[in-house]
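Subject: Structure handover

Hello,

Please find the structure below. My notes on it follow, in the order in which they are easiest to check.

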Amino acid sequence: MTEYYSTQTNFYGDSSPEKLIKEYGSPLYVYNEKILRQHCRDMKNLVDYPNFIPNYSIKANSNLQIIKTVHEEGLRADAMSAGEIRLLLHAGYKPEELFFVPNNVSEAELRYAVENGVLVSVDSLSQLELLGKINPGGNAAVRFNPGVGAGHHEKVVTAGKKTKFGVNIDCVAQVKEIAKKYNLRICGVNQHIGSLFMEGDSYIEGVKSLLSVAGQFEDIDFVDMGGGFGIPYKKQEGQASLDLASFREKLTKVLEQWTDKYGKKILFKSEPGRYIVAECGILLGTVYAVKNNYAHRYVGTDIGFNVLARPVMYDSHHDIEAYRDGKPLNAEAAEEVTVVGNICESGDIIAKDRALPAIQEGDILGIMDAGAYGFAMSSNYNMRLRPAEVMIRENGEAVLIRRRDTFEDLIAPFNV
Ligand code: LLP
């Protein structure tokens with residue numbers, strides 16, 4: 001580990017971690033617009049096929065400014081809930097740019113999508129029936145479970161033989177039967193095999209399997225291959241990024257072979273979330289206490305699992321940088337510490353036994369690659385305020401894109 005990621009990328013532009021915290025408070029989510037835009041472009045280049053478009057999966061980060069920036073880059077979007085549809089329409093997306101891929105939702109939620117003109121994909125025969133009743137004669141897509149899964153943790157593997165998602169690929173006949181009953185047109189099929197793969201083989205296997213299902217429908221318009229593209233969370237150990245060039249070559253071949261056989265240059269889509277936003281985000285926090293408790297040295301910060309849930313929920317690793325007096329600390333590791341937050345649970349750990357430079361009170365820590373499923377999964381647990389979010393513009397300027405919660409926000413929903 002020689003140079004910090006934030007230094008290599010000039011992440012903070014004209015600002016510094018210290019200035020940002022002084023102005024916007026601690027903890028603080030900081031996003032870099034240039035990195036965000038680059039990742040959007042990478043995903044638009046995923047295959048060398050003219051009729052391809054990525055849908056940004058906004059569950060990874062639903063900050064309005066981020067959504068708008070991704071839209072400017074020409075991506076469409078996926079929604080998982082009526083709330084996400086509402087936000088996307090508010091952000092300026094047209095209904096036809098959206099794809100609703102929910103799981104076990106109410107009639108009211110399906111109706112909300114249909115009435116707003118958003119195409120729905122269902123992931124069970126029950127929900128296909130319900131959609132047919134609500135929208136007879138309409139278009140529908142079906143999410144299949146291709147029988148293969150992938151992911152960084154069993155909690156995020158969303159296909160294969162042990163998950164709740166998708167319609168089994170041997171249920172095509174039942175899908176057709178229900179579609180016929182309600183005069184629904186199956187206009188597309190989709191899948192999402194899981195989150196975070198670093199080599200693309202299982203994704204390509206899943207695509208092949210989905211294409212074999214797609215071929216059983218006579219006239220579909222699109223196949224949505226899902227998201228899950230990983231990013232290197234262990235850059236300080238030299239972990240490399242996904243090899244998109246070789247992935248592109250392999251995937252393009254598979255798609256072209258299939259469209260030649262099918263006889264129609266259908267639209268292909270993907271659903272990236274993490275890849276778009278993870279690396280453009282750093283979570284800053286402040287060290288308030290350093291101590292030795294028996295055999296362990298603890299660095300106590302304001303980055304509790306209410307702010308970043310991933311390490312506690314999935315044992316996820318995030319690289320950590322340390323800053324003092326506005327500058328990066330010498331990155332060479334000096335001691336092994338456990339970095340913890342301020343939530344009253346002993347599991348509130350960001351990094352266990354991590355080798356870091358010698359940290360002292362008042363230092364600022366940067367939690368790397370926190371742009372995906374960071375703020376999106378944050379909460380007010382312990383009645384803590386969710387942090388502000390700031391974007392470093394391409395011209396280096398820092399702008400506030402969501403204010404920090406206030407005490408009033410905590411009290412407002414109560415009607416007693
Ligand atoms: N499409 C569907 C239907 C999904 O369920 C997901 C994510 C995505 C697309 C986007 O997947 P991505 O490209 O971001 O891997 N909170 C976990 C990840 C949960 C992913 C849930 N589904 C984490 O922090 O690792």
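The ligand is surrounded by 17 residues, and the closest are Ser195, Glu271, Arg274, Arg310 and Tyr373. Keep in mind while looking that this is a predicted model.

Some of the contacts can be described atom by atom. Serine 195 places a polar side-chain atom 2.4 Å from an oxygen atom of the ligand. Arginine 310 also has a polar side-chain atom by a ligand oxygen atom, here at 2.6 Å. With glycine 228 the backbone is involved: one of its polar backbone atoms is 2.8 Å from an oxygen atom of the ligand. On its own the ligand has 580 Å² of accessible area, and the protein covers 93% of that. As for where the ligand is held, it sits in the largest pocket.

Next, the annotated site. Which residue does UniprotKB's unreviewed entry list under "active site"? The UniProt record gives Cys344. In the model, cysteine 344 is in the loop that joins strand E15 (335–340) to strand E16 (349–356). Is cysteine 344 buried or exposed? Its relative accessible area is 63%, and the cut-off for exposed is over 50%, so cysteine 344 is exposed.

The remaining notes concern the backbone. Which form does the peptide bond from serine 26 to proline 27 take, cis or trans? That bond is cis, with omega near -5 degrees. Proline 27 belongs to the loop between helix H2 (17–24) and strand E1 (28–32).

Two residues have a positive phi without being glycine, and both are in loops. For aspartate 325, phi is about 50 degrees. Aspartate 325 lies in the loop between strand E13 (320–324) and strand E14 (327–328). With a relative accessibility of 58%, aspartate 325 counts as exposed, because the value is over 50%.

For asparagine 382, phi is about 65 degrees. The loop that holds asparagine 382 runs between strand E17 (364–367) and strand E18 (388–392). Why is asparagine 382 called partly exposed? Its relative accessible area is 32%, which is neither under 20% nor over 50%, so asparagine 382 falls in between.

If you open the model, you could start with the ligand and Ser195, then go to Cys344 in its loop, and end with the cis bond before proline 27.

Regards

Notes. Residues numbered from 1 in each chain as written. Predicted model: local features only at pLDDT ≥ 70, side-chain atom pairs only at ≥ 80, totals over all residues. Heavy atoms only, no water. UniProt positions renumbered as here; feature names shortened; annotations may be inferred. Helix = DSSP H or I, 4+ residues; strand = E, 2+ residues; numbered from the N terminus. Buried < 20%, exposed > 50% of the residue type's maximum accessible area, 1.4 Å probe, protein only. Near = heavy atom within 4 Å. Polar contact = N/O pair within 3.5 Å; in protein donor to acceptor, adjacent residues only side chain to side chain. Areas by Shrake-Rupley, 256 points an atom, 1.4 Å probe, with all protein chains shown as cover. 1 Å grid on protein atoms, 1.4 Å probe; cavity = no way out; pocket = protein on both sides within 12 Å on 5 of 7 lines; lining within 4 Å. Sits in = over half its atoms within 2 Å of the grid points.
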